Amino acid sequence: MEESIKLVIWDLDETFWKGTLSEEDVSSIPENINLVRWLTDRGIMNSIVSKNNFAEAKLKLQEIGIWDYFVFPVIAWEAKGKLVQRVIEKCQLRSVNVLFLDDNHMNLEEAKFYNKGICAKLPSFICEIKNHPAFTGKDDSSHSRLKHYKILECKDVDKIEINSNEEFLKASGIRIQYIDDLTDHTERLFEILNRTNQLNYTKKRLDRKEVKSLIENHKLEKKLIKVIDKYGDYGFVGFYAVDQLKNALEHFVFSCRIINLGIEQFVYSSLNFPKINIVPDVAIPLNLSKPDWVSVIDKARVSTHLFESKNDISKCKILFKGECDLFQMLFYLQDYDCNVIRESNYTGKNNFIINKEHTQMLIDSREMSKEQVNYLVKKLLFIDCKSYRSSVFTDTYNVFVYSLIMDFTQEMYEHKKMDLKIPFGGNNINITNQNNWAKFIKNCRERNHIGISKEFLQFFSENFEHRGKISINDFRRNLSSIRAGIPLHIPIIFMNGSEVEFSAEWESYDIERSRIMNLALDQFIEQTPNCYLLDIRKFVYSPDHVTYGMNRYKRRCYKEIANDLIGILQRFDTIQITKKWITLTPAIDLVKPLYRWIRRRFLRLKRFLKFK
């Protein structure tokens with residue numbers, strides 16, 4: 001095994017787990033589950049080729065919490081050689097970079113016949129993987145490579161529904177961005193030049209010192225290339241360096257993740273077909289055509305060029321998703337000419353306050369089946385028919401403002417058999433723990449929540465498992481899924497949480513949790529196009545700024561947050577937000593303190609007269 005492994009394809013029966021699913025109950029192998037996660041953390045992908053019933057196998061993998069780690073799984077009663085070939089093609093890899101694991105030697109030989117150079121091994125090889133040099137990979141604890149392949153999966157589904165490949169590419173909204181300043185991208189440039197093979201046309205490998213010299217060479221025109229489409233952001237995936245005097249390319253290299261998008265041909269034609277000494281082999285040959293489905297983003301930020309013209313300015317239509325307390329911030333937007341659609345918590349069935357702002361709830365509003373929603377509505381007292389309704393994945397707005405505070409605070413529960421994740425409650429209370437039942441039932445009765453009893457909590461604990469608050473990796477994954485599900489020309493303005501110390505009898509609060517979540521959000525926004533931060537930390541940084549809860553602020557804080565939001569909105573070239581001629585909030589801000597003072601005096605007088 002000389003080549004590095006980028007994909008492991010697993011058989012299931014007697015390989016990934018013990019037993020045969022179609023004949024008997026199977027038992028999971030914890031070491032294999034941990035290995036799949038370890039490989040993913042190293043940027044090495046996992047897939048499945050198994051002779052089984054797809055629905056049954058998927059359900060079993062969901063039960064053990066590993067289904068989402070597999071890309072392009074093929075589970076069907078078909079010969080495995082061509083199925084393995086299909087997976088490799090969809091992953092846009094070479095056979096020599098793939099390991100196939102199967103307990104049947106005939107399946108291994110068949111895979112070798114159809115996939116020249118593939119490494120095919122019996123399950124006994126699994127124990128060698130972690131220490132084998134072919135599986136070194138590189139740190140990818142953020143699972144960026146897995147996210148990329150999940151984007152490819154979405155594209156693969158859409159591609160099936162479109163008649164021709166060119167039609168699909170035109171519908172994908174492919175755009176590239178040229179990066180001139182390479183000083184902050186030395187490491188990525190080093191990786192592209194040395195790790196890329198299939199679309200590395202010049203194959204000139206450089207060490208880090210040589211990469212720095214290349215960046216400083218002013219005789220060459222050099223550009224790093226970033227690619228986005230409606231499915232997501234592919235990151236920095238290409239580089240060229242051209243000697244304009246000789247009209248010759250010194251470097252011309254692209255990551256395999258954008259193979260078949262036509263990026264390399266578009267860039268080559270945009271340079272007016274310069275001379276190039278192509279070193280074989282390359283996956284896609286160059287020619288004299290120019291793809292018409294690729295366009296260029298000219299500026300450093302994506303947000304202001306995704307419309308055809310700067311003159312294409314729309315009136316500001318905001319979709320706001322967050323807790324109702326933040327409506328005090330929206331109050332100040334009434335002085336501006338804009339429309340605001342609100343999605344927030346509400347009082348639902350059984351008198352429960354239903355918070356539908358969690359990222360998991362939002363993603364499930366699009367991905368959860370009708371049958372799954374009906375099951376939750378029927379079985380759970382704190383879910384109703386409106387819980388999974390959202391306007392986020394529509395085109396009814398042109399700015400999305402999203403407070404993520406529910407991800408900071410709510411507890412997560414997962415169904416033990418079905419692929420269902422439910423955020424509920426807070427204050428670090430686990431309602432599957434019997435020690436918390438008496439307190440929880442008492443709190444529910446005080447709030448007039450109907451139906452909460454030991455019988456219901458017993459049912460809930462038998463069917464759902466407490467997972468704690470959403471993990472950082474799941475949080476990042478959800479953010480990526482949301483960004484990919486919203487057209488890229490629509491800006492997303494995320495609101496984070498404060499990091500102020502707060503404690504009260506009714507609310508426990510881990511400030512370190514906020515810091516970790518805020519850091520993850522900061523990193524996501526930095527790496528993701530057309531995403532912005534409305535930073536609560538700038539305005540809420542003292543206990544004096546909060547009132548009766550960690551996420552309830554003084555009125556002047558809401559005013560300052562609103563002003564910052566307006567400042568962000570005014571930076572968008574494609575959205576118009578202007579102040580009205582007549583503004584009411586300054587007058588209201590002056591009158592309200594007087595109104596409160598009179599009201600307090602009146603209530604005191606009323607109490608005095610009552611007891612006199």
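**View 1. Tyr413 faces His466 across a strand pair.** In this predicted model, Tyr413 stands opposite His466, a residue of strand S22. Zoom out a little and the pairing appears: strand S20, residues 411-415, runs antiparallel to S22, and four bridges link the two.

**View 2. An open sheet of three strands.** Here the order is S21-S20-S22, with antiparallel pairing. Look to the edges for strand S21 (421-424) and strand S22 (464-468). Each has a single partner strand, so one side of each is left without a neighbour in the sheet. If you like angles, neighbouring strands of this sheet are turned by 30° against each other on average, direction ignored.

**View 3. Asp13, a buried acid without a salt bridge.** Let's move to another part of the chain. Asp13 sits in the loop that lies between strand S1 (7-10) and strand S2 (17-18). Which side chain of opposite charge is nearest to Asp13? That is Lys80, 7.5 Å away. A salt bridge needs a side-chain nitrogen of Lys or Arg within 4 Å of a carboxyl oxygen, so Lys80 does not provide one for Asp13.

**View 4. Polar contacts and surroundings of Asp13.** What does the Asp13 side chain meet instead? One polar contact, at 2.9 Å, goes to the side chain of Trp17. The Asp13 side chain also reaches the backbone nitrogen of Leu21, at 3.2 Å. Leaving aside residues up to four places away in sequence, Asp13 touches Gly19, Thr20, Leu21, Lys51, Asn52 and Asp103. Leu21 thus turns up both as a backbone partner of the Asp13 side chain and among the residues that Asp13 touches.

Methods. Residues numbered from 1 in each chain as written. Predicted model: local features only at pLDDT ≥ 70, side-chain atom pairs only at ≥ 80, totals over all residues. Heavy atoms only, no water. Pairing = 2+ DSSP bridges. Axes fitted to C-alpha atoms, helices over the stretch in contact; angles between N-to-C directions. Buried < 20%, exposed > 50% of the residue type's maximum accessible area, 1.4 Å probe, protein only. Lys, Arg positive; Asp, Glu negative; His and termini not counted. Polar contact = N/O pair within 3.5 Å; in protein donor to acceptor, adjacent residues only side chain to side chain. Contact = heavy atoms within 4.5 Å.
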